[in-house]
Every structure is written in C-alpha cells, then in structure tokens.
Amino acid sequence: MIDGQYVWVKEKGKRLFEDQKTSVIMGIMTPLHSAHFRKTHIEVLDALKDENYLLPDLKQLIKNGRPFQLAIINLKNIPKVNELHGREVGNMLMAQYITRLKTSFLTESSDIYRLSGLEFAITITDARKMASLSQGIRAQENYLNMSIEYGAITAELEVFIGIAQMYDDAINAQDLYQNAVTALKTAQLPQYRGQGCYFKDIK
C-alpha cells in the first residue's frame, strides 16, 4: 500500500551469502503501474506520468512550502473527434494540446499527468503562469479550446478545466485533488458560464 492505495508490485530476491543453509535474502520490489487508456505510440502522450505519481508529487511540492495550483483538464469532445475523423486524428490533437500546455504552463518544478483517456492534471508553480491562466479564462469562455487543420480535416478540441490552489483551497494533497475535481465538475454543468472554474469561486 502506497499513500493509502493498493498497488501491484514485482518482487525479486537474491541470497546474500553463498552458504545455502542461510536464509538472508535481499528483496527488491518494483511498483507496477496500470494504465486506464490505450498506448498511442505518440511519445508526448505515452511518456506522461500517470495518476500513481500525482499525489506523491503533490506532497513533495507541499514540503517545499510554496503556493501552487492543481488544474484538472477534460478534453470533452475527443470521443466525437475519434468518431468523425478516426482515433489517429484524435490522438494527434491531444498530443498537440499537451505540447501547448507544457509550453504555456510548465516549469522545472511542475509536471503534467494523464489520469484517464480524456483527463489530465497539471501542476502550476509559477505565479505569472497562474495569473495568465486566470486572465485568459475570465476574459474568454472557450480560452483553452484549440483548433487544428490536418490535411482536409479541421477539428476543434473542447476543453474544460477545474483549478484549486494549495493553502487557499486545501490543507493537504488529497483535498487539493478532490477540490480540483469538484471545480472541473462544476465547469461542465450546463448552467455554468464558461469552461473553466476555480474552486475558490464555488466553495
């Protein structure tokens, strides 16, 4: 069990001494991470950390003592893109979007995680990037959407986001994650105006 969650492990053992009568064995256990989505064979997507890394990384950021934000992003219409244009186009659209997120919001102390086929989490540690995201979301309802042209195909990615800030919205990693999830769910409600929601606006 790691951080309250059960994980599968692979264990290897080696006898430490040549004497076969001794039972001193060194064991090595390696966590086996399960994925809830298909491999795309696109490096920018397949190289992302999964949900098993999120809470431990959040706890490490908390130890550093600096405010940061956790944003959970849902690429809402990827299933529709896959249906209309094929999974290859959908995967390429996601890969381009993740590249855009990295360029726009990631720094050395932040990271991005794939939580499921459609949901990603990103930690934002730079105050300027936090301010840029907030200004964009409040100025334009579909600020995070993205359109691409792929040959004769034009596709638009519809994006929803929920954001929570450490220390203002939560006192630990689990609360921060849950509050970001709550904000995302609120952003996806039909009556909610816009596609991005900050937990501080609904708590």
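Reader: What makes the span of helix α5 close to the one expected?

Author: Helix α5 covers residues 127-139, 13 in number, and reaches 18 Å from its first C-alpha to its last, close to the 18 Å expected at 1.5 Å a residue. The expected span is 1.5 Å times one less than the number of residues. A helix here is a DSSP run of H or I, at least four residues long. Bear in mind that this is a predicted model, where local features need pLDDT of at least 70, side-chain atom pairs count only at pLDDT 80 or more, and totals for chains, interfaces and linings use all residues. Residues are numbered from 1 along each chain as its sequence is written, and side-chain values use heavy atoms, with hydrogens and water left out.

Reader: Which residues of α5 are called buried?

Author: Met130, Leu133, Ser134, Gly136 and Ile137 are; buried means under 20% relative accessible area, exposed over 50%, partly exposed in between (1.4 Å probe, protein chains only).

Reader: How do you know that the buried residues line one face of the helix?

Author: Look down the axis of α5: its buried residues fall within an arc of 165 degrees, so they line one face. That arc is taken from the directions from the helix axis to the C-beta atoms. On the other side, Ala127, Arg128, Gln135 and Ala139 are exposed.

Reader: What covers the buried residues of α5?

Author: The cover includes β4 (69-75), α4 (87-105), β6 (119-124), β9 (159-165) and β10 (196-198).

Reader: How much of the protein counts as buried?

Author: That's 40% of its 203 residues.

Conventions
Helix = DSSP H or I, 4+ residues; strand = E, 2+ residues; numbered from the N terminus. Contact = heavy atoms within 4.5 Å.
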